[in-house]
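Please open the model in a viewer and keep the sequence panel visible beside it. The tour below proceeds by selections, each followed by an account of what is found there.

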Amino acid sequence: VQLQASGGGLVQARGSLRLSCVASGRTIKDYTVGWFRQVPGKEREFVAAIRRSGSGGTTHYTDPAKGRFTISIDNAKNTVYLQMNSLKPDDTALHYCAADPPPAWCSGSYYYPMYEIWGQGTLVTVSS
């Protein structure tokens, strides 16, 4: 499967953006898909993930994302979304979607090297 991320942009604090991760080549619901973000000089960090349908499609979030961000899947469009509300300047980062960590969800599932497939980044900039 190949992934293509889009939807980033410039938004004011407290605004919203919806990121899209479109899959091609395979059915995205067969994969666990995560969103990560990275700022210069820091390690890529986990934001949210939705598990593959065979594992129940459950969702996972970092504490800063809970209550503000929602990850979802549109099977008809073969796309995973990350709806980001109440954005803060600290959310400014290059955002990536990724897929295919090991099947069993564990602490390692929050760690970017566990993901085999990556899309290109989409930049989110939140102004104060």
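Select Tyr110 first; in this predicted model it is partly exposed, with a relative accessible area of 36%. That figure lies between the 20% below which a residue counts as buried and the 50% above which it counts as exposed, hence the label.

Next, add Trp105 to the selection. The ring centres of Trp105 and Tyr110 are 5.3 Å apart and their planes stand at 75°, so the pair is edge-to-face; a stacked pair would require planes under 30 degrees apart. Across the whole structure, a search finds nine aromatic pairs.

Widen the selection to Phe36, Phe46, Tyr96, Tyr115 and Trp118. Together with Trp105 and Tyr110, these residues form one aromatic cluster.

Now display the side chain of Arg44. Over which rings does its charged end sit? One is the ring of Tyr96, with the charged end 3.8 Å from the ring centre. The other is the ring of Trp118, where the distance to the centre is 4.7 Å. Both Tyr96 and Trp118 belong to the aromatic cluster already selected.

Proceed to strand 9, residues 93-99. This strand is mostly covered, as six of its seven residues are buried. Its pairings may be inspected one at a time:

- Strand 4 pairs with strand 9 in the antiparallel sense over six bridges; within this pairing, Phe36 has Tyr96 as its bridge partner.
- Strand 11 runs antiparallel to strand 9 and is joined to it by three bridges; here Leu94 has Leu123 as its partner.
- Strand 10, residues 117-118, pairs with strand 9 over two bridges, again in the antiparallel sense; Ala99 stands opposite Ile117.

Follow the chain beyond strand 9 to Asp100, in the loop between strand 9 and strand 10. Its phi is near 70°, a positive value in a residue other than glycine. Asp100 counts as partly exposed, at 32% relative accessibility. Then select Ser86, which is found in the loop between strand 8 and strand 9. Ser86 likewise has a positive phi, near 50°, and is not a glycine; its relative accessibility of 39% makes it partly exposed.

From that loop, move back to Thr79 in strand 8, which spans residues 79-84. Is Thr79 buried or exposed? It is buried, with a relative accessible area of 3%. A polar atom of its side chain lies 2.7 Å from the backbone oxygen of Lys77. Beyond neighbours within four places in sequence, Thr79 is in contact with Ser20, Cys21, Val22, Ile28, Ser72, Ile73 and Asp74.

The final selection is the nonpolar interior. In soluble globular proteins, nonpolar side chains tend to be buried together. The largest nonpolar core here has 28 residues, and those with the most contacts inside it are Val33, Trp35, Ile71, Val80, Leu82 and Met84. Strands that each supply at least two residues of this core include strand 1 (2-6), strand 4 (33-38), strand 7 (69-74) and strand 8. The largest share, four residues, comes from strand 3. Apart from this core lies another, of five residues, among them Phe36, Phe46, Ala49 and Tyr115. Phe36, Phe46 and Tyr115 have appeared before, as members of the aromatic cluster.

Definitions and conventions: Residues are numbered from 1 along each chain as its sequence is written. This is a predicted model: local features need pLDDT of at least 70, side-chain atom pairs count only at pLDDT 80 or more; totals for chains, interfaces and linings use all residues. Side-chain values use heavy atoms; hydrogens and water are left out. Buried means under 20% relative accessible area, exposed over 50%, partly exposed in between (1.4 Å probe, protein chains only). A polar contact is a pair of N or O atoms within 3.5 Å; within protein, one must be able to donate a hydrogen and the other to accept it, and residues adjacent in sequence count only if both atoms are side-chain atoms. Contact means heavy atoms within 4.5 Å. Rings of Phe, Tyr and Trp (its six-membered ring) pair if their centres lie within 6.5 Å; planes under 30 degrees apart count as stacked, over 60 as edge-to-face and the rest as tilted. A charge sits over a ring if NZ of Lys or CZ of Arg is within 6 Å of the ring centre and within 35 degrees of the ring normal. A nonpolar core is a set of buried Ala, Val, Leu, Ile, Met, Phe, Trp, Tyr and Cys residues joined through side-chain atoms within 4.5 Å. Two strands pair if DSSP finds at least two bridges between them.
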